[in-house]
Amino acid sequence: MKKMYFIAIYPHSELIEDIKVFKTDLAANYGNSKALKNDAHITLFPPFSRELELESDIHKAFQKINTEMAPFEIELNGFGSFPNPNNPVIFVHPESNPNLTELYHRVKDRFDFIKYSFSPHMTVGYRDLTWENYLRAWEVYKDKEFKTNFLVDKISLLRHDSQWVSIAEKKLKSV
């Protein structure tokens, strides 16, 4: 049986709840309920499918990711979007961060079987967000203020079991 997996950074629970306010607004006012299914996170490696029997190999590769780096802060500042008419996305925008980019490259060193571009973001609206509702929501969110930060001190490996569940974590640590 195949399962889905991905690797991400999750902020602390209070920030997840703060961001859920925006997801709830998009669900209530813009018909975007699917965004409520996932907690706020930054994806380091996108969802991929593997046979459940191969999960130990995924764990081994995950544990080999070099996380010998000091924990670091990520600044979140306002909102951004991917204005694709077929799949529009609204997200909380993280400021550019060389430590985040470095962490992504370290994940990519171990998980390199999917080609994808790294555009760090915390999704608040996607999937069932229609183009028309995206345009209406973006008028509100493009100038909305939201500014905070959080400490990145670990990465998580998740598996989809009717919802995304963390099955392993790896802490960042200074050498």
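Which residues of α4 are buried? The close-ups below answer this and other questions about a predicted model.

**Figure 1. The buried residues of helix α4.** Helix α4 covers residues 131–141. Its buried residues are N133, Y134, A137, W138 and Y141. Seen down the axis of α4, these residues fall within an arc of 135 degrees, so they line one face of the helix. They pack against α1 (13–30), β3 (72–82) and β4 (89–94). What lies on the other side of α4? There, E132 and E139 are exposed.

**Figure 2. L135, a partly exposed residue of α4.** L135 sits in helix α4. Is L135 buried, exposed or partly exposed? Its relative accessibility is 41%, so L135 counts as partly exposed. The cut-offs explain this: buried means under 20%, and exposed means over 50%. Look also at P88, which is 47 residues from L135 along the chain. The C-alpha atoms of the two residues are separated by 9.0 Å.

**Figure 3. I90, a buried residue in strand β4.** I90 belongs to β4. That strand covers residues 89–94 and is one of the elements that the buried residues of α4 pack against. I90 has 0% relative accessibility, so it counts as buried. What touches I90, leaving aside its neighbours within four places in sequence? Its contacts include L26, F79, G80 and S81. T123, V124, G125 and L129 are also in contact with I90. So are Y134, A137, W138 and Y141. Those last four are among the buried residues of α4. H121 is 31 residues from I90 along the chain, and their C-alpha atoms are separated by 9.1 Å.

**Figure 4. The buried residues of helix α2.** Helix α2 runs over residues 55–63. Which of its residues are buried? They are E55, I58, A61 and F62. Seen down the axis of α2, they fall within an arc of 120 degrees, so they line one face of the helix. They pack against one helix, α3 (98–110), and against strands β1 (2–9), β2 (42–51), β7 (154–160) and β8 (164–171).

**Figure 5. R127 and S162, two loop residues with positive phi.** Most residues other than glycine have a negative phi. R127 has a phi near 55 degrees, a positive value. Where is R127? It lies in the loop between β5 (122–125) and α4. At 54% relative accessibility, R127 counts as exposed. S162 has a phi near 70 degrees, also a positive value. Its place is the loop between β7 and β8. S162 counts as exposed too, because its relative accessibility is 74%.

**Figure 6. The whole protein chain, as a setting for the close-ups.** How many helices and strands does the protein chain have? It has four helices and eight strands. Along the sequence they follow the pattern β-α-β-α-β-β-α-β-α-β-β-β. The C-alpha atoms fill a box of roughly 45 × 40 × 30 Å, taken along the principal axes. A compact globule of 175 residues would have a radius of gyration near 16 Å; the chain has 16 Å, which agrees. Of the 175 residues, 42% count as buried. Now take the contacts between residues at least 6 apart in sequence: 80% of them join residues at least 24 apart. The chain exposes about 9300 Å², and carbon and sulfur atoms supply 49% of that area. There are 23 positive and 24 negative charges, and their mean positions are 6 Å apart.

Methods. Residues are numbered from 1 along each chain as its sequence is written. This is a predicted model: local features need pLDDT of at least 70, side-chain atom pairs count only at pLDDT 80 or more; totals for chains, interfaces and linings use all residues. Side-chain values use heavy atoms; hydrogens and water are left out. Helices (H or I, at least four residues) and strands (E, at least two) are DSSP runs, numbered from the N terminus. The radius of gyration is taken over C-alpha atoms; the globule rule is 2.2 Å times the number of residues to the power 0.38. Buried means under 20% relative accessible area, exposed over 50%, partly exposed in between (1.4 Å probe, protein chains only). Contact means heavy atoms within 4.5 Å. Accessible areas come from the Shrake-Rupley method with a 1.4 Å probe; for residues, only the protein chains shown count as cover. Lys and Arg count as positive and Asp and Glu as negative; His and the chain ends are not counted. The place of a charge is taken as NZ of Lys, CZ of Arg, CG of Asp or CD of Glu. The arc is that of the directions from the helix axis to the C-beta atoms.
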